[in-house]
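Thanks for coming, everyone. I have one structure for you today. Have a look at the screen, and then we start.

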Amino acid sequence: MRLLEDRLAIHELEGAYARSFDERDGAAWSALFTADGIYQSWAEGDAPPVTFVQGTSALRDFCSSAPFDGIHMMHLPQITLDGDRATARIHLEFHGVWALQPGAPRLIMVGVYDVDYARVGGRWRIARRITTAYSRDQRTVPGYPGAAQA
């Protein structure tokens with residue numbers, strides 16, 4: 001029964017992760033990580049890391065100050081449990097738009113999250129999340145304020 005409860009708790013954690021980031025709720029998003037938790041992202045191919053953020057305060061600020069609006073479309077996590085530790089791979093798509101910049105591009109990113117979890121105080125938290133983008137597509141949205149019209 002414990003394994004099922006752990007899986008469900010991690011599913012709920014991932015749902016809260018997507019929702020709080022999409023709402024730019026930095027306090028809620030950063031609370032999903034361990035105190036020294038890490039968010040890291042890689043660009044395509046062999047490019048160096050794009051983002052490395054560690055610790056509650058830095059995570060909160062990173063989420064709250066995101067310069068874009070967006071929505072996560074995440075697949076179910078493929079979870080491996082090992083006591084108070086777990087890992088998962090999550091396939092995702094992210095759609096974003098820079099709402100405050102006239103003529104701004106729309107971003108469509110397809111990739112995966114590789115996540116390490118830790119049970120802290122009886123609750124699952126994200127210890128490290130690495131985003132790997134397999135493809136990114138940025139283009140101006142037709143009809144977007146300031147966009148070139150065809």
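Take the contacts in the chain with a separation of 6 or more: residues 24 or more positions apart account for 57% of them. Keep in mind that this is a predicted model.

Now the parts. There are three helices and seven strands in the chain. Read from the N terminus on, the order is α-α-β-β-α-β-β-β-β-β.

Next, inside and outside. The chain has 150 residues, and 39% of them count as buried. About 8400 Å² is exposed, with 55% of that supplied by carbon and sulfur atoms.

On to the core. How many residues are in the largest nonpolar core? It has 29. Ile10, Tyr17, Trp29, Phe33, Tyr117, Trp124 and Ile126 touch the most other members. Which elements each supply at least two residues of this core? One helix is H1, and another is H3. The strands are E1 (33–42), E4 (78–82), E5 (85–97), E6 (105–120) and E7 (123–140).

Let's zoom in on Ile126. Leave out residues up to four places away in sequence. Then Ile126 touches Leu13, Tyr17, Leu32, Phe33, Thr34, Gly37, Val115, Asp116 and Tyr117.

Now the rings. The whole structure holds nine aromatic pairs. One of them joins Phe21 and Phe62. Their centres are 6.3 Å apart, and the planes make an angle of 40 degrees. Why is that pair called tilted? Planes under 30 degrees apart count as stacked and over 60 as edge-to-face, so 40 degrees falls under the rest, tilted.

Where do these two sit? Phe21 is in helix H1 (residues 2–22), while Phe62 is in helix H3 (residues 56–64). So the pair ties together parts that are 41 residues apart in sequence.

Are the two buried or partly exposed? Phe21 has a relative accessible area of 9%, so Phe21 is buried. Phe62 is at 27%, so Phe62 counts as partly exposed. The cut-off for buried is under 20%.

Both rings belong to something wider. Tyr17, Phe21, Trp29, Phe33, Tyr39, Phe62 and Tyr113 form one aromatic cluster.

Last stop: Arg129. Which rings does Arg129 lie over? One is Tyr17: Arg129 lies over its face, 3.6 Å from the ring centre. Another is Tyr113, where the charged end of Arg129 sits over the ring, 4.4 Å from its centre. Tyr17 and Tyr113 are both in the cluster I just listed.

That's my tour. Over to you.

Notes. Residues numbered from 1 in each chain as written. Predicted model: local features only at pLDDT ≥ 70, side-chain atom pairs only at ≥ 80, totals over all residues. Heavy atoms only, no water. Phe/Tyr/Trp six-rings, centres within 6.5 Å; stacked < 30°, edge-to-face > 60°. Helix = DSSP H or I, 4+ residues; strand = E, 2+ residues; numbered from the N terminus. Buried < 20%, exposed > 50% of the residue type's maximum accessible area, 1.4 Å probe, protein only. Lys NZ or Arg CZ within 6 Å of the ring centre and 35° of its normal. Contact = heavy atoms within 4.5 Å. Areas by Shrake-Rupley, 256 points an atom, 1.4 Å probe, with all protein chains shown as cover. Core = buried A, V, L, I, M, F, W, Y, C linked by side-chain atoms within 4.5 Å.
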